[in-house]
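Grab a coffee and have a look at the model below. Try each exercise yourself before you read its solution.

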Amino acid sequence: MDVKLLQRVKVIDTDNLAQTLLEILQTENYQRPLFVMDSFLAKVPIVQASQKLLQDNQIDFAVFDKVVSDPPAQTIRDGVTAFEDAQADSIIAIGGGSSIDVARGINIVRTNGGDILDYTDPDKPIKRCEGLIAVPTTSGTGSELSNALVVTDVKSEKKLAILSDNAVSEYAILNPDLVLSLPQRMTIATGLDAFSHAAEGYTSRLASPVTDAICEKVMFLLYNYLPRAVKNGQDREARQRVMVAAALAGWMLNNAGTNAGHSIAHVLGSKYHIVHGEAVAYALPGVLRRVAPLMPQKVCEIGQILGEVYTAEESQEERVDRAIRAYQDFRDNVLGLHPFSDYGISAAEITSNAKAVSEEQFASNMPGEMNETVAKELLSEFGVRLN
Ligand SMILES: NC(=O)c1ccc[n+]([C@@H]2O[C@H](COP(=O)([O-])OP(=O)(O)OC[C@H]3O[C@@H](n4cnc5c(N)ncnc54)[C@H](O)[C@@H]3O)[C@@H](O)[C@H]2O)c1
Ligand SMILES: [Fe+2]
């Protein structure tokens with residue numbers, strides 16, 4: 001059966017994180033959750049208030065707060081040890097994609113055994129993993145609704161993705177108050193990550209009319225509300241809209257996937273420590289340019305979502321140019337993403353990664369040919385304004 005849209009996660013949006021967590025634990029009869037976070041989130045007042053309410057209700061929890069950004073496999077292994085030592089029965093992941101991905105990794109290993117890197121083999125079966133409650137604090141990866149986790153293999157310096165519908169969260173809790181403190185640079189990067197999920201999913205080989213509709217709405221929400229969240233982090237309405245957009249994009253990812261923009265980010269991100277959301281944003285114009293001859297209407301529609309109004313006289317090529325320019329203007333002028341040259345990495349260094357990009361697991365989701373030559377062309381456009 002060719003199922004186009006699967007969604008198993010119970011999504012709750014709430015203004016009261018503590019009460020919602022308590023209700024979920026009581027409903028599911030989870031008595032010993034393990035909080036999985038980084039050291040920053042562990043000190044956030046809303047998180048501490050949630051822990052206090054659990055304590056007051058005799059729920060004994062444990063804490064693993066050693067998550068780092070772009071987590072290596074070892075962090076997941078340490079988390080599995082913490083889970084076992086605490087004799088936990090569920091996981092509350094609070095944080096960005098790194099914390100939620102680590103939590104998903106812990107949940108896979110505690111349910112299925114073995115080592116997390118075993119599951120990078122797509123043929124290795126993963127049984128249904130219950131008990132993951134995901135609470136995002138960035139609005140980007142959509143990990144709370146996605147079936148993916150990204151882990152860095154330190155030996156090969158590669159970011160590897162593990163995909164399993166059986167490992168999705170049991171609950172995702174959306175509370176915009178958690179995101180109000182997200183710094184401006186992270187707001188830009190994570191918002192652009194969500195935008196790239198939608199734009200790459202829209203232009204993926206796996207796209208369907210159902211996922212297209214989700215992608216269109218995600219891009220629309222980000223175009224209209226992300227600039228407000230960037231300008232004023234305390235704009236709760238904008239934060240909420242952006243949070244929902246990111247979560248919906250994560251759901252869509254399970255069904256349509258990303259394509260070569262994420263392959264580039266996975267290869268360059270772990271090697272040169274380029275922030276994930278920035279890497280996908282520098283890669284997107286090249287991907288749109290490459291797929292445009294095969295799906296001009298979709299690329300033009302991205303331009304329309306970004307505010308372009310085409311005239312009857314314009315050729316398709318002119319419309320495509322305008323759509324790509326509109327994305328670059330949104331990214332650089334409206335949101336204010338800093339230029340890639342700030343990283344100080346030479347063009348030759350970037351294009352030397354063509355083979356790895358062409359072999360990355362999402363690269364073949366990009367319509368058209370994918371090989372080292374194509375990847376080199378995409379890399380030569382990475383971080384460069386196309387017109
Ligand atoms: N699972 C998926 O589907 C998926 C998709 C895309 C990316 N990823 C992965 O997710 C990771 C990136 O996640 P991310 O972009 O959410 O960032 P992150 O989780 O790495 O967090 C980045 C930083 O932001 C801080 N932070 C988080 N929330 C904050 C808040 N509300 N206020 C202030 N600071 C806050 C964290 O403490 C951390 O220092 C990468 O490893 C990436 O490869 C996963
Ligand atoms: Fe991403």
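Here are some exercises with worked solutions.

**Before you start**

This is a predicted model, so keep the confidence limits in mind: local features need pLDDT of at least 70, side-chain atom pairs count only at pLDDT 80 or more, and totals for chains, interfaces and linings use all residues. Residues are numbered from 1 along each chain as its sequence is written, while chains are lettered from A and ligands numbered from 1 in the order in which they are written.

**Exercise 1. Work out which residues and elements surround ligand 1.**

Step 1. Start with the shell: 33 residues surround ligand 1, and the closest are Ser-69, Gly-96, Gly-97, Ser-98 and Thr-138. A residue gets into the shell if its C-beta atom, placed from the backbone, lies within 6 Å of the molecule.

Step 2. Next, look for elements that give two or more residues: these are helices H4 (97-112), H5 (184-202), H7 (236-256) and H9 (276-291), plus strand S6 (148-153). Helices (H or I, at least four residues) and strands (E, at least two) are DSSP runs, numbered from the N terminus. H4 gives the largest share, four residues.

Step 3. Sort the shell by class: 18 residues are polar, 10 nonpolar and five charged. Here Ala, Val, Leu, Ile, Met, Phe, Trp, Tyr, Cys and Pro count as nonpolar, Asp, Glu, Lys and Arg as charged, and the others, Gly among them, as polar.

Step 4. Finally, place the ligand: both domain 1 (10-179) and domain 2 (184-380) give residues to the shell, so ligand 1 lies between them. The domain bounds come from an automatic or database domain assignment.

**Exercise 2. Compare the end-to-end spans of H4 and H2 with the expected values.**

Step 1. The expected span is 1.5 Å times one less than the number of residues.

Step 2. For H4, with 16 residues, 22 Å is expected, and the reach from first C-alpha to last is 22 Å. For H2 (residues 45-56), the 12 residues should span 16 Å, and the end C-alpha atoms are indeed 16 Å apart.

Step 3. Now check the surroundings of H4: 13 of its 16 residues are buried, so the helix is largely enclosed by the rest of the structure. Buried means that 20 or more other C-beta atoms lie within 10 Å of a residue's own, exposed means 12 or fewer, and partly exposed is in between, with C-beta atoms placed from the backbone.

Step 4. See what comes after each helix. H4 is followed by Gly-113, with a positive phi near 80°. H2 is followed by Gln-58, whose positive phi is near 60°.

**Exercise 3. Is Gln-58 buried or exposed, and how about Glu-157?**

Step 1. Gln-58 sits in the loop between H2 and strand S3 (62-64). It has 7 C-beta neighbours inside 10 Å, so it counts as exposed.

Step 2. Glu-157 lies in the loop between S6 and S7. With 12 other C-beta atoms within 10 Å, Glu-157 is exposed. Its phi is positive, about 55°, although it is not a glycine.

**Exercise 4. Describe how S6 pairs with S7, and S4 with S5.**

Step 1. S6 and strand S7 (residues 158-163) run antiparallel and are joined by six bridges; strands pair if DSSP finds at least two bridges between them. In this pairing, Leu-149 stands opposite Ile-162 in S7. The hairpin has four residues between the strands.

Step 2. Strand S4 (residues 90-95) and S5 run parallel, with five bridges between them. Leu-132 in S5 is the bridge partner of Ile-91.

Step 3. Check the cover. Five of the six residues of S6 are buried. In S5 (residues 132-136), five of five are buried. In a regular strand the side chains alternate between the two faces of the sheet. Both faces of S5 are covered, with Leu-132, Ala-134 and Pro-136 on one side and Ile-133 and Val-135 on the other.

**Exercise 5. Which residues of the largest nonpolar core touch the most other members?**

Step 1. A nonpolar core is a set of buried Ala, Val, Leu, Ile, Met, Phe, Trp, Tyr and Cys residues joined through C-beta atoms within 7 Å.

Step 2. The largest one has 123 residues, and Val-36, Val-218 and Ile-264 touch the most other members. H7 supplies the largest share of this core, 12 residues. Domain 1 and domain 2 each give at least three residues to this core.
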